[in-house]
Amino acid sequence: MAGISRKYRMLRRSHAMWVSRRVWQPRLVFWAGAISIGLISVLFALLADRAQPLFHVMTGNDGGWRFYLPLVVTPLGFVLCAWLAHSFFPGSQGSGIPQAIAARHLRDEDDRSRILSLRLVVGKIALSIVGLACGASIGREGPTVQVGASLMLQAARWGGMAQARGLILAGSAAGIAAAFNTPLAGIVFAIEEMGRAYEARTNGLVLTAVILAGLASLGLLGNYTYFGVARDTVAFATDWPLVLACGVIGGGVGALFSLSALKVMRRIRRWNTLQPLPRTLAVAAVCGLAVAAIGIASGGSTFGTGYVQARGAIEGTPLPAFFFVEKFAAGLLSMVSGIPGGLFAPSLAVGAGLGSTLGLVFGTATGTAALLGMAGYFAGVVQAPMTAFVIILEMTGNHDNVIALMCAAMLGYGTARLISNEPLYHALSRVFIAEAIRRRRAEIVPGTGP
């Protein structure tokens, strides 16, 4: 009888736990946060896709006077975005991935809320769309990571959940998964790029967030591959020199982008110290004018994300031989200008252009070369080879090229490490961590802050 009574008490305790509000409220809020990431990511994608055609319609492509409108529209748009980001949405500048990484290292709630908040969700989405509408060479995928991390952190506040670091990781992964419809890439991104010191106990959070955000995205857009389906397959008997070239050259060019961006942005930060707002706007105006000039010289192909050009290359249409150089410059200028916007899509476009050019040199199919160029270059920029080949694999729907993409990505990563041992996103995240430390010191000892 004593044993039966003990089992009965345990069952009652278990039942009480499962119907307890303290147990279910955090879970429901977490699930709602993950679903909202999927829905908002889809909305962001739809608005971003409308912004780029709007710019092309406004500026025209017939060689008339409207073709030169970017010389006015693009610098003004850059200045507007930089001013709004500096004055109303501080912390929204740039990709958004460094902010999410920094937030995982910050322990104070006030410090986290400065770079991850609902206010920044609004600002990041709005300013990224404005940037695309004025011709900036930016993407929406990095911003979606900051949006996802912000939404999940807010869900943690509302639900009374204590695992802030794990939830930021889960929100970031869900953002990538929903932005590209690449659930595996979202998980790999969380492990390789965001986590670095990944904790096994966050597995459930990451997987649940990716699944729910993915279901929300699929419910609205259906199942799709971001770049369509790649038909070409790498033949190692004849294409291995191209694999080596795309990996080594792509990784080297990617490392050059990363190294250049870090050095230029450090100099700009030092120069801006005395007069932050005027000099920030001056940098944005100069970068915007340069992006406009490059866009006009390239016939308009470097404006926007570069999605159309990358997809065309994957489908077999060769890109101009120097497209990757022009897109490289436009992407670098857009990044250092200080306006909100990511570099995922522009980097993939640069990689596709580089691969297309190498394909012409080696006499290989453009589609195959574009895929390999994307893997090598992207791995070189972000120094995250697993994320690079998995995301390209899922975006193109061709699993015949797994080994080739792995090789190109690993060669790109290895080459980039020889040139620059500082991963781009993690180097940029230290800027936000340093700012938080300076603010804390200024609060303790007045006059020591910026």
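User: Happy to be looking at this one with you! How many of the nine residues of H4 are buried?

Analyst: Glad to help, and please keep in mind that this is a predicted model. The buried residues of H4 are Ile97, Pro98, Gln99, Ala100, Ile101, Ala102, Ala103 and Arg104. H4 is therefore largely enclosed by the rest of the structure, and the number of its nine residues that are buried is eight.

User: What does the secondary structure of the chain come to, in helices and strands?

Analyst: The chain has 450 residues, and buried residues make up 57% of them. Its secondary structure comes to 19 helices and zero strands.

User: Among contacts with a separation of 6 or more, what percentage is between residues 24 or more positions apart?

Analyst: Here a contact is a pair with heavy atoms within 4.5 Å. Counting contacts in the chain with a separation of 6 or more, the part that joins residues 24 or more positions apart is 80%.

User: What part of the accessible surface belongs to carbon and sulfur atoms?

Analyst: The accessible surface of the chain comes to about 19,100 Å². Of that area, the part belonging to carbon and sulfur atoms is 67%.

User: On to the pockets! Which helix gives the most residues to the lining of the largest pocket?

Analyst: The largest pocket holds about 1,400 Å³ of space. It is lined by 41 residues, with His86, Gln93, Arg269, Val431 and Glu435 the closest to its centre. Among the elements that give two or more residues to this lining are helix H3 (70-87), helix H11 (236-272), helix H12 (276-297) and helix H19 (424-444). The helix that gives the most, with seven residues, is H19.

User: How many residues of each class are in the lining of the largest pocket?

Analyst: For the class count, Gly is placed with the polar residues. On that basis, the lining of the largest pocket has nine charged, 13 polar and 19 nonpolar residues.

User: Which helix gives the most to the lining of the second largest pocket?

Analyst: About 390 Å³ of space lies in the second largest pocket. Its lining has 18 residues, and Asp49, Gln52, Thr305, Tyr307 and Val308 are the closest to the centre. Helix H2 (21-59) and helix H13 (307-314) each supply at least two residues of that lining. With seven residues, the helix that gives the most is H2.

User: How much space lies in the largest cavity?

Analyst: Unlike a pocket, a cavity is a set of points where a 1.4 Å probe fits but cannot get out. The count comes to one cavity of 30 Å³ or more. The space in the largest cavity is about 90 Å³.

User: Which element supplies the largest share of the lining of the largest cavity?

Analyst: This cavity is lined by 15 residues, with Ser137, Phe257, Gly331, Leu343 and Pro346 nearest its centre. By class, the lining has eight nonpolar, six polar and one charged residues. H14 and helix H15 (344-362) each give two or more residues to the lining. The largest share, five residues, comes from H14.

User: Is Tyr377 buried or exposed?

Analyst: Tyr377 is found in helix H16 (residues 366-382). Beyond its neighbours within four places in sequence, Tyr377 is in contact with residues including Gly250, Phe257, Phe328, Ser347 and Gly351. The cut-off for a buried residue is under 20% relative accessible area. Tyr377 has 1% relative accessibility, so it counts as buried.

User: What is the sign of phi at Gln383?

Analyst: Gln383 lies in the loop between H16 and helix H17 (385-396). At 3% relative accessibility, Gln383 counts as buried. Its phi is near 50 degrees in a residue other than glycine, and the sign is positive.

User: How far apart are the end C-alpha atoms of H6?

Analyst: The buried residues of H6 include Leu120, Val121, Lys124, Ile125 and Leu132. After H6 comes Gly135, with a positive phi near 95 degrees. At 1.5 Å a residue, the 16 residues of H6 should span 22 Å, which agrees with an end-to-end C-alpha distance of 23 Å.

User: One last helix: how many of the 19 residues of H7 are buried?

Analyst: Helix H7 (residues 141-159) reaches 27 Å from its first C-alpha to its last, close to the 27 Å expected at 1.5 Å a residue. H7 is largely enclosed by the rest of the structure because the number of its 19 residues that are buried is 17.

Definitions and conventions
Residues numbered from 1 in each chain as written. Predicted model: local features only at pLDDT ≥ 70, side-chain atom pairs only at ≥ 80, totals over all residues. Heavy atoms only, no water. 1 Å grid on protein atoms, 1.4 Å probe; cavity = no way out; pocket = protein on both sides within 12 Å on 5 of 7 lines; lining within 4 Å. Points joined across faces, edges and corners; volume = space filled by probe spheres on them. Helix = DSSP H or I, 4+ residues; strand = E, 2+ residues; numbered from the N terminus. Buried < 20%, exposed > 50% of the residue type's maximum accessible area, 1.4 Å probe, protein only. Areas by Shrake-Rupley, 256 points an atom, 1.4 Å probe, with all protein chains shown as cover. Expected span 1.5 Å × (residues − 1).
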